[in-house]
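User: I am new to this structure and would like a close look at one part of it, the loops. Please go through them slowly, say what surrounds them, and then place them against the rest of the chain.

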Amino acid sequence: MSFDVIALGELLIDFTENGLSAQGNPVFEANAGGAPCNVLAMLNNLGKKTSFIGVVGKDQFGTSLRNTLNELGIDTSHLYTHESVNTTLAFVHTFEDGDRDFAFYRNPGADMMLSSEQIDEDYIKSAKAFHYGTLSMTHENVREATYKAIKVAKDAGLIISFDPNLRVPLWDNLENAKKQIEYGMSQCDIVKISDEEVKFLTGLDDIKEGGRALHKKYPNIKVLNVTLGKEGSISYYKDLEVFAPPFIQENTIETTGAGDTFCACALNYVLEQGLENLTEQNLFEMLQFANAAASIITTKKGALKVMPTKTNIENFIK
């Protein structure tokens, strides 16, 4: 069986705030989450065949997550169940402007238990693209598995896609986080990086300048996309620097999954158009579509199960 995209990383439950109970206590809604699977869910909606490598616990959350992926049509043949470590949980606090703060229950969490023995080389070689982030690089065991998978994918000539997805609370120290993001950057062909992550990596406050610095530092990255939140996005490609304005939603409730939605749309574009001869117009089209999709997801709670369709996005752009 072959796939368009295989992603590796965390699959977890995002508990998002959903009002107050009759007694005035905060109510949390259990949303299936995890950046790599958010990316796959969007790709599925764009007609791609996807598969996921990761670990969940042998608990009700793990069962529920596996069922969710199966319902969405994401292949789970390489989603493993850990007998004794529980599924990872994240509690998401949403601020009034839709931005978020995370608290993770992951000490350890099942997603950290992936081992390099579980990386099936022939299976990875069957794909066209491989996607990863840095949550699978925070601890030694799962980091080894991630590195092995990246190497197999690179050697087999897959398109390599990376989203740093920096979650500060999960790192023992930020030097280590920076080192792993730099490794991720050094291995990929296409990257989605946020303005905050550009600042973190380069120390530059001017995001455009930071993007140029990263574009120069990592010549392996063919398409470097910087997301600017409410300000739109920029793509760096060869000697081109293309900006696309944002789509501002009046009814934004939270930004969970917006970056993943953007990331999936950009990767989808590259899968369809290739990486070699992109024009300024191509890059603008890619960014515009990705910005629109990301904007739509900010009007929903969670992301994995509520990704927009291609028609939704095209109509929204019109």
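Analyst:
**A walk through the loops**

N165 has its place in the loop between strand β9 (159-162) and helix α5, in a model that is predicted. The phi angle of N165 is near 45°, which is a positive value in a residue other than glycine. Most residues other than glycine have a negative phi. N165 has a relative accessibility of 10%, and it therefore counts as buried, the cut-off being under 20%. A second residue with a positive phi is K238, where the angle is about 50° although the residue is not a glycine. K238 lies in another loop, the one between β12 and β13 (240-244).

Another backbone feature is found at P108, which has its place in the loop between β7 and α3. The peptide bond leading from N107 to P108 is cis, with omega near 0°. Most peptide bonds are trans. P108 also belongs to the surroundings of V85, a residue in the loop between β5 (75-82) and β6 (89-94). Setting aside residues up to four places away in sequence, V85 touches G57, K58, P108, G109, A110 and M113. V85 is buried, because its relative accessibility is 11% and the cut-off is under 20%.

The loop between β7 (100-105) and α3 (121-125) also holds S115. S115 counts as buried at a relative accessible area of 14%. Its contacts, not counting residues up to four places away in sequence, are with N141 and A145.

D59 is found in the loop between β4 (50-57) and α2 (60-72). Is D59 buried or exposed? D59 is buried, since its relative accessible area is 16% and the limit for that class is under 20%. When neighbours within four places in sequence are left aside, D59 is in contact with N86 and T87. With T87 the contact is also a polar one between the two side chains, at 2.7 Å. As for E83, its C-alpha is 8.9 Å from that of D59, although 24 residues separate the two in sequence.

The loop between α7 and β11 contains P219, and P219 is exposed, with a relative accessible area of 69% against a cut-off of over 50%. The C-alpha atoms of P219 and T81 are separated by 38 Å, and the two residues are 138 places apart along the chain. Another long-range pair is V85 and K216, which are 131 residues apart along the chain and have their C-alpha atoms 42 Å from each other.

From P219 it is a natural step to helix α7, which spans residues 207-217 and in which I207, G210, G211, L214 and H215 are buried. Seen down the helix axis, these buried residues fall within an arc of 140°, so they line one face of α7. The cover over them includes α5 (174-187), β10 (190-194), α6 (195-202), β11 (223-227) and β12 (233-237). The N-terminal end of α7 is capped by D206, whose side chain places an oxygen 3.0 Å from the backbone nitrogen of K208.

Two other helices can be set beside this picture. Helix α9 (residues 280-297) packs against helix α10 (residues 310-317) at an angle of about 105°, with the axes 9 Å apart. That angle makes α9 roughly perpendicular to α10, because angles of 65 to 115 degrees fall in that class. On the side of α9 the contact is made by Q288, F289, A292, A293, S295 and I296, and on the side of α10 by K310, N312, I313, E314, F316 and I317.

Last come the cysteines. How many disulfides does the structure hold? The structure holds zero disulfides. C37 has as its nearest cysteine sulfur that of C263, 13 Å away, and at 0% relative accessibility C37 counts as buried. For C188 the nearest cysteine sulfur is likewise that of C263, at 10.0 Å, and C188 is in no disulfide. C188 counts as buried too, at 1% relative accessibility.

Conventions:
Residues are numbered from 1 along each chain as its sequence is written. This is a predicted model: local features need pLDDT of at least 70, side-chain atom pairs count only at pLDDT 80 or more; totals for chains, interfaces and linings use all residues. Side-chain values use heavy atoms; hydrogens and water are left out. Buried means under 20% relative accessible area, exposed over 50%, partly exposed in between (1.4 Å probe, protein chains only). Helices (H or I, at least four residues) and strands (E, at least two) are DSSP runs, numbered from the N terminus. The arc is that of the directions from the helix axis to the C-beta atoms. Contact means heavy atoms within 4.5 Å. A polar contact is a pair of N or O atoms within 3.5 Å; within protein, one must be able to donate a hydrogen and the other to accept it, and residues adjacent in sequence count only if both atoms are side-chain atoms. A disulfide is a pair of cysteine sulfur atoms within 2.5 Å. Axes are lines fitted to C-alpha atoms, for helices over the stretch in contact, and angles run from 0 to 180 degrees between N-to-C directions. Angles under 35 degrees count as roughly parallel, over 145 as roughly antiparallel, 65 to 115 as roughly perpendicular and the rest as oblique.
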